[in-house]
Every structure is written in C-alpha cells, then in structure tokens.
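Open the model in a viewer and keep the selection tool ready. The stops below cover salt bridges, pockets and a surface patch.

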Amino acid sequence: ATLWDMDQIYTAPASGFASREDYYQRCSSINYVGSIDVPTYSLTAWDDPFVSVDDYFRAPFSKYVQLHIEKRGGHMGYLHQGALPVGGNRWLDYYLYEALRGLEQTLFEKTPARAP
C-alpha cells in the first residue's frame, strides 16, 4: 500500500471527503496562497517525496510570498549538508535567523530617525 492508497481508503472517507482527489483538491494550500497579504516564506526541498517542486512553480503565490527551495531535506527535514555559519546542520534554523535579521533591517530602514 502507498500513501495515496491510505488517503483513498482511510483519510478521505474518515474526514468526510468523497475521494482522495476531493480531499487533495479541497485541502490544498494552492487555493489560498494567492490571498496571502503578509510577508511569508514558503519552504521546500527539491527531494521532497510528497510534494513536487513543480507544484510550487504552478502555485499562484501573492507578491508577499518568498519561495525558498533547498537542494536536499526531504519532506520537512530541512537538513543541510556541510557547515552552517551559525552551527548545526538544520538549514531552517539558519534561514529563519537570516529572514528575521532581514526583517529587522527592513523595519529599522522604515522607522524615521528620532531628532536628538
């Protein structure tokens, strides 16, 4: 049996969906990513065994979404091969560090300087 079989036999009916295809269509985030109106990072890996990178390229992301694709990491693994500048091997930790640092810089650039 495969994950697809499991979704057809159990997940879809147990959740009130007519079929696996109905479940996938109605629950897919592709139906919502075009309406995102806050800065958002969408993270994936080229070797994700469940969600093809092609799906991300077809998604109608709003202008607020920044897509990041890591070479390896599988589905939600996000492990980095080699050393990271902040230590460890989880690129997600480093990516979040860099993203928040960039947000901090953006906020300070937009904040008017106070008079002495």
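Start with glutamate 21, which is partly exposed at a relative accessible area of 44%; buried means under 20% relative accessible area, exposed over 50%, and partly exposed in between, with a 1.4 Å probe and protein chains only. This is a predicted model, in which local features need pLDDT of at least 70, side-chain atom pairs count only at pLDDT 80 or more, and totals for chains, interfaces and linings use all residues. Residues are numbered from 1 along each chain as its sequence is written, and side-chain values use heavy atoms, with hydrogens and water left out.

**Salt bridges**

Add arginine 20 to the selection: its side chain meets that of glutamate 21 in a salt bridge, at 3.3 Å from N to O. A salt bridge here is a side-chain nitrogen of Lys or Arg within 4 Å of a carboxyl oxygen of Asp or Glu. Arginine 20 counts as buried, at 17% relative accessibility.

How many salt bridges does a search of the whole structure find? The search gives 3.

For another, select aspartate 22 and arginine 26, whose closest N and O atoms are 3.1 Å apart. Both belong to helix H2 (residues 20-27), where a spacing of 4 residues puts about one helical turn between them. Helices (H or I, at least four residues) and strands (E, at least two) are DSSP runs, numbered from the N terminus. Is aspartate 22 buried or exposed? At 19% relative accessibility, aspartate 22 counts as buried, while arginine 26 is partly exposed at 47%.

Now go to helix H3 (residues 53-58) and pick aspartate 55 and arginine 58, 3 residues apart, about one turn of the helix. They form a salt bridge with the closest N and O atoms at 2.5 Å. Aspartate 55 is partly exposed, with a relative accessible area of 35%; arginine 58 counts as exposed at 58%.

**Pockets**

Keep aspartate 55 selected and display the largest pocket, with a volume of about 870 Å³. Of its 24 lining residues, those closest to the centre are Ser28, Ser29, Phe50, Val51 and Asp55. Helix H1 (3-14), H2, strand E1 (40-45) and H3 each give two or more residues to this lining. The largest share, 4 residues, comes from H2.

A pocket is found on a 1 Å grid over the protein atoms alone, as an open set of points where a 1.4 Å probe fits, with protein on both sides within 12 Å along at least five of seven lines; lining residues have an atom within 4 Å of a point. Grid points are joined across faces, edges and corners, and the volume is the space filled by probe spheres set on them.

Next, select the lining of the second largest pocket, which includes Pro39, Tyr64, Leu96 and Thr106. About 200 Å³ of space lies in this pocket. H4 gives the most to its lining, with 5 residues.

**Surface patch**

Finish with Leu3, Trp4, Met6, Ile9, Tyr10 and Phe50, a nonpolar surface patch with about 720 Å² of accessible area together. Patches are made of residues with over 30% relative accessible area and no salt bridge; like charges are joined within 9 Å, and nonpolar side chains (Val, Leu, Ile, Met, Phe, Trp, Tyr) within 5 Å. Accessible areas come from the Shrake-Rupley method with a 1.4 Å probe; for residues, only the protein chains shown count as cover. Within the patch, tryptophan 4 sits in helix H1 and is exposed, with a relative accessible area of 52%.
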